[in-house]
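User: I would like a close look at one small part of this protein, and then a careful account of the surroundings that help me place it.

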Amino acid sequence: MLTERRRYTPRLMVRPKSSQAVRRRSPITSGWMQLSFDVPVMPFRYERGMHLEDAGMWLDPHTRRPVAYVSHGHSDHCRPHGHAFVTAETADFYRLRTGRSALTVMNIGETLTRGLQEVDVFPAGHVLGSSQVRVRDLATGHRLVYTGDFKLRPSLTSPSAPVLECETLVMECTYGAPRFTFPPTEQVVTELIAWVGSVIASGNIPVVCGYALGKAQEAMAILHQAGHLVAIHPSIEPYAEIYTRHGVDLGQYVVMSPDPGSLSGSEGRVIVCPPQHARSIREAMPRTRMMILTGWAIDGGAPGRLPMGTALPLSDHAGFDDLVEYVQRARPKIVYTVHGNGGFAQHLRRQGIEAHHLGA
Ligand SMILES: [Zn+2]
């Protein structure tokens, strides 16, 4: 229950014209937008990341900050901060990417006190170690939840995300349009395994493409469960090793030669590689057939980026239906969206829910 009603004017950066303008925070030169809300909100500032003034902490800032919560191990979130708050798994990705060890590990279920606010983390279902964070103001009881990148659909390689009730919800909305309602994961997995089988039956080599941290390991686990042997591109290996160290079963995979012209060691196996390396593999072995796993497959745009490729909508992000379900069950008073084009905030406003898009 809220014990106090606060009126706060958050500053939202809309279109900064230069980094110098951002530093000055001039409403004229930098494009700061002033908005006022009558609903209770928790004070924050959004400037390429969310700064919680009372907790003295940034949430997923895109630039280096003194103290930052890092929701997961993707490169756009792992900046070399002065001090990072992370889960144990994200700590390994963070050290790998930044070389820094100034961090505090936050365990699921433990509560941390920052100033006059309590902070705790929950699984986000995005990649191994990904987390949502809930900040509770000790004076007012107001709860702010920041989902980070998340999804509600099940995964073989990361725990499912719970929906967290809150007053202020800040949610990642990469796929905020209704057409991005993804088919059930089991259906996509069945189609993937059928495609792999058909490629092998035709005497060709299946190559499954997904980004190096997250999608690649999910593909490895799916293929392993289906009884296939896997060879991975070397860029995937450091992340796969961390998954294995934390107990995720990726099967007995082999690592391909770093020479892009050599496929030795991958004969008789399904190759898993990041999309940016698909072309070199294709050129080294014309008998390969490509499949990319991406939510953008819904739009039909992904195959054009692959040589002779096709695509399946296996995503590590929330689809439109996940986003709607989260808001319905979390019952926030106000919603802020990040990523996407702001369409989901518009959708919520049409439903009578106070919602605003913060930006990328
Ligand atoms: Zn991510």
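Where is Asp-60 found?

Analyst: Please keep in mind throughout that this is a predicted model. Asp-60 sits in the loop that runs between strand β5, residues 57-59, and strand β6, residues 67-69. Its backbone deserves attention, since the phi angle of Asp-60 is near 50 degrees, which is a positive value in a residue other than glycine. As background, most residues other than glycine have a negative phi. Asp-60 has a relative accessible area of 2%, and because the cut-off for the buried class is under 20%, Asp-60 counts as buried.

A second residue with a positive phi makes a useful companion. Arg-331, which is not a glycine either, has a phi of about 50 degrees, and Arg-331 lies in the loop between helix α7, residues 320-330, and strand β20, residues 334-338. In Arg-331, however, the relative accessible area is 57%, so this residue is classed as exposed.

To see the setting of these two loops, one can step back to the whole protein, which has 8 helices and 21 strands. Of its 360 residues, 55% are buried. When one takes the contacts between residues at least 6 apart in sequence, 56% of them join residues that are at least 24 apart.

One part of this fold is an open sheet of 6 strands, whose order is β16-β15-β17-β14-β18-β19 and whose pairing is parallel. At its edges stand β16 (254-255) and β19 (309-312), each of which pairs on one side only. Strand β14, residues 205-209, pairs with β18, residues 288-293, in the parallel sense over 5 bridges, and within this pairing Val-207 has Met-290 of β18 as its bridge partner. Strand β14 also pairs with β17, again in the parallel sense, over 3 bridges, and here Val-208 stands opposite Val-272 of β17.

How enclosed is β14? Because 5 of the 5 residues of β14 are buried, this strand is largely enclosed by the rest of the structure. In a regular strand the side chains alternate between the two faces of the sheet. In β14, Ile-205, Val-207 and Cys-209 are on one side, while Pro-206 and Val-208 are on the other, and all of them are buried, which leaves both faces covered. Helix α4, residues 215-225, lies across β14, β15 (230-232), β17 (270-273) and β18, and it runs at about 165 degrees to β17.

Within β18 one can follow a single residue, Thr-288. Thr-288 has 0% relative accessibility and therefore counts as buried. A polar atom of the Thr-288 side chain lies 2.7 Å from the backbone oxygen of Met-285. If neighbours within four places in sequence are set aside, Thr-288 is in contact with Ile-205, Val-207, Ile-281 and Arg-282.

Arg-134, by contrast with the fully covered Thr-288, is in strand β11, residues 131-137, and its relative accessibility of 22% is why Arg-134 counts as partly exposed. The C-alpha atoms of Arg-134 and Val-121 are separated by 6.2 Å, although these residues are 13 residues apart along the chain. Not counting residues up to four places away in sequence, Arg-134 touches several others, including Glu-118, Asp-120, Leu-144 and Glu-165.

Finally, there is a zinc ion, whose protein donors are His-72 (NE2), His-74 (ND1), His-126 (NE2) and Asp-149 (OD), lying 2.2 to 2.4 Å from the ion. In sequence these donor residues follow the spacing H-x1-H-x51-H-x22-D. The ideal angle at a metal with four tetrahedral donors is 109.5 degrees. Among the 4 donor atoms of this zinc ion the angles are 93 to 169 degrees, and the site is irregular. Of the donor residues, His-72 and His-74 are buried, and so, to return to the starting point, is Asp-60, with its 2% relative accessible area.

Methods:
Residues numbered from 1 in each chain as written. Predicted model: local features only at pLDDT ≥ 70, side-chain atom pairs only at ≥ 80, totals over all residues. Heavy atoms only, no water. Pairing = 2+ DSSP bridges. Helix = DSSP H or I, 4+ residues; strand = E, 2+ residues; numbered from the N terminus. Contact = heavy atoms within 4.5 Å. Axes fitted to C-alpha atoms, helices over the stretch in contact; angles between N-to-C directions. Buried < 20%, exposed > 50% of the residue type's maximum accessible area, 1.4 Å probe, protein only. Polar contact = N/O pair within 3.5 Å; in protein donor to acceptor, adjacent residues only side chain to side chain. Donors = N, O, S within 2.8 Å, 3.2 Å for Na, K, Ca; no water. Tetrahedral: all angles 85-135°; square planar, octahedral: opposite > 155°, others 65-115°.
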